[in-house]
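Please work through the following exercises with the sequence and the structure side by side. Each task is followed by a solution that goes step by step.

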Amino acid sequence: MATISFDLVSPEHLIFNEEVGMIIVPGKDGDFGVLPGHSKLMSSLRPGRIMVYSEDKNLLKSFFVSGGFAEVNPEKCIILAESVDDISVLDKSIIQKSIEDLEKLDDSKSKEQLLIANAKLDAVNSIIYNKI
């Protein structure tokens, strides 16, 4: 089977770098799948869940990104993320508390943070794409 090289980069460092079977990416206009041989593509990202699969389509890793950019070509997918969290270490109760606190504020920065926190909660609760 074929693989594609996948790099997930945060402003601080390289988070993930492996040969994988498929990646699901939260594009600005909707999720898109990246397989080996994918056409060239650049997309901005919305807050959401990145899912990384092995060649046999088992979920290897799941990340939450707050935004960023994806560049895809037939051999490689690179995601430059504003911030990255491993889904497995996110605490639902902490996210819910953060949402409650942000809902009390009324400025543009808190509204943007609220949007990201709600997307993070959705990502933690989601079971979509866990198995392909």
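## Exercise 1: Strand β9 and its partners

Strand β9 (residues 76-81) has a covered face made of Cys 77, Ile 79 and Ala 81, while Lys 76, Ile 78 and Leu 80 make up the uncovered one. The model is a predicted one, in which local features need pLDDT of at least 70 and side-chain atom pairs count only at pLDDT 80 or more, whereas totals for chains, interfaces and linings use all residues. Residues are numbered from 1 along each chain as its sequence is written, and side-chain values use heavy atoms, with hydrogens and water left out.

**Task.** Find which strands are joined to β9 by bridges, beginning with β1 and going on to β8, and state in which sense each runs.

**Solution.** Start with the terms: strands (E, at least two residues) and helices (H or I, at least four residues) are DSSP runs, numbered from the N terminus, and two strands pair if DSSP finds at least two bridges between them.

Step 1. Strand β1 (residues 4-9) is joined to β9 by 5 bridges, and these two strands run parallel. To locate this pairing in the model, look for Asp 7, which stands opposite Ile 78 in β9.

Step 2. Strand β8 (residues 68-72) is also joined to β9 by 5 bridges, but here the strands run antiparallel. Phe 69 stands opposite Leu 80 in β9, and β8 and β9 form a hairpin with 3 residues between them.

## Exercise 2: Strand β7 and a positive phi

**Task.** Describe how β7 pairs with β6 and with β10, and then say which residue in the hairpin of β6 and β7 takes a positive phi.

**Solution.** Step 1. Strand β6 (residues 48-53) and strand β7 (residues 59-65) pair in the antiparallel sense over 6 bridges, and within this pairing Val 52 has Lys 61 of β7 as its bridge partner.

Step 2. β7 and strand β10 (residues 84-86) pair in the antiparallel sense over 3 bridges, with Phe 63 standing opposite Asp 86 in β10.

Step 3. The hairpin of β6 and β7 has 5 residues between the strands, and Lys 57 there takes a positive phi near 65 degrees, a positive value in a residue other than glycine. For accessibility, buried means under 20% relative accessible area, exposed over 50%, and partly exposed in between (1.4 Å probe, protein chains only). Lys 57 counts as partly exposed because its relative accessibility is 24%.

## Exercise 3: Two loop residues and one helix residue

**Task.** Sort Lys 40, His 38 and Ser 110 into buried, partly exposed or exposed, and list what each touches, where contact means heavy atoms within 4.5 Å.

**Solution.** Step 1. Lys 40 lies in the loop between β4 (30-34) and β5 (41-45), and it counts as exposed because its relative accessibility is 71%. Not counting residues up to four places away in sequence, Lys 40 touches Val 72, Asn 73 and Pro 74.

Step 2. His 38 lies in the loop between β4 and β5 and is partly exposed, with a relative accessible area of 22%. With residues up to four places away in sequence left out, His 38 touches Gly 33, Val 72, Asn 73 and Pro 74. The C-alpha atoms of His 38 and Asn 73, which are 35 residues apart along the chain, are separated by 6.0 Å.

Step 3. Ser 110 is found in helix α2 (residues 108-125) and is buried, with a relative accessible area of 2%. Residues up to four places away in sequence again not being counted, Ser 110 touches Leu 102 and Leu 105.

## Exercise 4: The chain as a whole

**Task.** How many helices and strands does the protein chain have, and how does its radius of gyration stand against that of a compact globule?

**Solution.** Step 1. The protein chain has 2 helices and 10 strands, and read along the sequence they follow the pattern β-β-β-β-β-β-β-β-β-β-α-α.

Step 2. The radius of gyration is taken over C-alpha atoms, and the globule rule is 2.2 Å times the number of residues to the power 0.38. With 132 residues, a compact globule would have a value near 14 Å, and the 15 Å of the protein chain agrees with this.

Step 3. Buried residues make up 40% of the 132 residues in the protein chain. Among contacts between residues at least 6 apart in sequence, 52% join residues at least 24 apart.
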